[in-house]
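Open the structure in your viewer and keep the selection panel handy. We will go from one surface to the next, choosing what to highlight at each stop.

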Protein chains: 2
Amino acid sequence: MARRTRDDWTGVALRALAEGGVAAVAVEPLAARLGATKGSAYWHFPNREALLKATLERWEREHTEAVIELVESVSEPLAKLRLLFAKVLENAGHSAVELAVLAAEDDPVVAPVVARVTERRIGYLRELFVLLGFDADVARRRAVLAYSIYLGQAQLLSAAPDVVAARRLLLEETLAVVTSRG
Amino acid sequence: MARRTRDDWTGVALRALAEGGVAAVAVEPLAARLGATKGSAYWHFPNREALLKATLERWEREHTEAVIELVESVSEPLAKLRLLFAKVLENAGHSAVELAVLAAEDDPVVAPVVARVTERRIGYLRELFVLLGFDADVARRRAVLAYSIYLGQAQLLSAAPDVVAARRLLLEETLAVVTSRG
DNA sequence: CCACCTCCGTACGGGACCGTATGGTCCGAC
DNA sequence: GTCGGACCATACGGTCCCGTACGGAGGTGG
């Protein structure tokens, strides 16, 4: 049987994370998925916590920045916002890891990652609202609002998909509301 | 040592749920909290799942309706909305159970409870927006938006409290945005 | 071809939790 | 006062996961 790398482990851990949450990032089940044994895991990582940490950091690195890069591919600020929200409403599987991570925010390994990602995203949104012509402090609050909606929608999408069935209309309503003046 | 009732068990389970999530609703730890043994638990409930189910149903019964009743104590629709959002931003501990339940929405025991609570709350919000003069379909979308913000704020409040530090301003911005006219 | 390092399999002990079996205690009914 | 049922403690076996110890396979440099 072939050798495994660190990335093999964090890769399968990411899939497990999406499906079963932080608790599913467990050495023995993951070893089974990989067709390996714990021996490999404890070679690449000192313990389960280190594996989880590496997995979360990989997610933070790849996933968060990927979305921002995608959004930056268009130039008009409003179009960026639209693309951003469309991305969430698109598919629930997309934000499965997202929700799993958020759900375990009290875990000492997870907390700092969540804090960094949150800060990064709201900061980016703030820039967008400044570009849309809002004052700095208003922009900050709109950013928090927009991100709250993002999180809430993701939750609703997986908890009660029928509620967010009329996606196109909901998307436009979201944009209109969040960019409304005075 | 005194006898325990079903409510003693669901009571301590609710506390555990708020602190450690669904996974913390475990028979043996709860027995320790109660100063009892598993014997008592397996007398009142056939298994752990039944205990969890009873706990969630108690939460659904008491908590969700309690908030709606509180909100109904004022008459003006906008004031109701304000009170509703103020309740979340008030304290994070208040919505700890909320987040714990949401986090485990893929659990077969949890899912139907979440579905019912979601439906109930969005329905109530829809009524509020109708009272505020919105058309039925717009009201429904505003309700979904408002509930998304509610969920997102709760999440942010426990994940990154500093982000939602300016509560008063954020509350007013939320209200203004969510009730803005086309 | 051998010494060595990397990577992994195997085997073990331990902890947390589930669920069952069984016997004991308390308390009201009669 | 004893009998039956409600309630609980104790003790046990089973599962799943963690982490450690150790030896063996495979490639690589000398």
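Start by selecting α3(B): this helix supplies five residues, the largest share of the surface near DNA strand D. Helices here are DSSP runs of H or I with at least four residues, strands are E runs of at least two, and both are numbered from the N terminus. The model is predicted, and local features need pLDDT of at least 70, side-chain atom pairs count only at pLDDT 80 or more, and totals for chains, interfaces and linings use all residues. Residues are numbered from 1 along each chain as its sequence is written, while chains are lettered from A and ligands numbered from 1 in the order in which they are written.

Now show everything around DNA strand D. Of the 19 residues there, A26(A), V27(A), R48(A), R3(B) and G39(B) come nearest; a residue is near if its C-beta atom, placed from the backbone, lies within 6 Å of the strand. Sorted by class, this surface has seven nonpolar, six polar and six charged residues. (Ala, Val, Leu, Ile, Met, Phe, Trp, Tyr, Cys and Pro count as nonpolar, Asp, Glu, Lys and Arg as charged, and the others, Gly among them, as polar.)

Next, switch to DNA strand C. Which residues come nearest to this strand? Of the 19 around it, they are T37(A), G39(A), A26(B), V27(B) and R48(B). Here α3(A) gives the largest share, five residues.

Hide the DNA and select the contact between the chains, to which chain B and chain A bring 32 residues each; residues are in contact if their C-beta atoms, placed from the backbone, lie within 7 Å. On the side of chain B that touches chain A, α8(B) gives the most, with 14 residues. That side has 21 nonpolar, eight polar and three charged residues.

Try superposing the copies: a rotation of 180° with 0.0 Å of shift along its axis brings chain B onto chain A, with RMSD 0.1 Å. The fit is by least squares on C-alpha atoms of residues with pLDDT of at least 70 in both. The two copies are therefore related as by a two-fold rotation axis.

Last stop: select L14(B), L17(B) and A18(B) in α1(B), which meet A96(B), V97(B) and A100(B) in α6(B). The residues of this contact are six nonpolar, no polar and no charged.

Definitions and conventions. Two residues are in contact if their C-beta atoms, placed from the backbone, lie within 7 Å.
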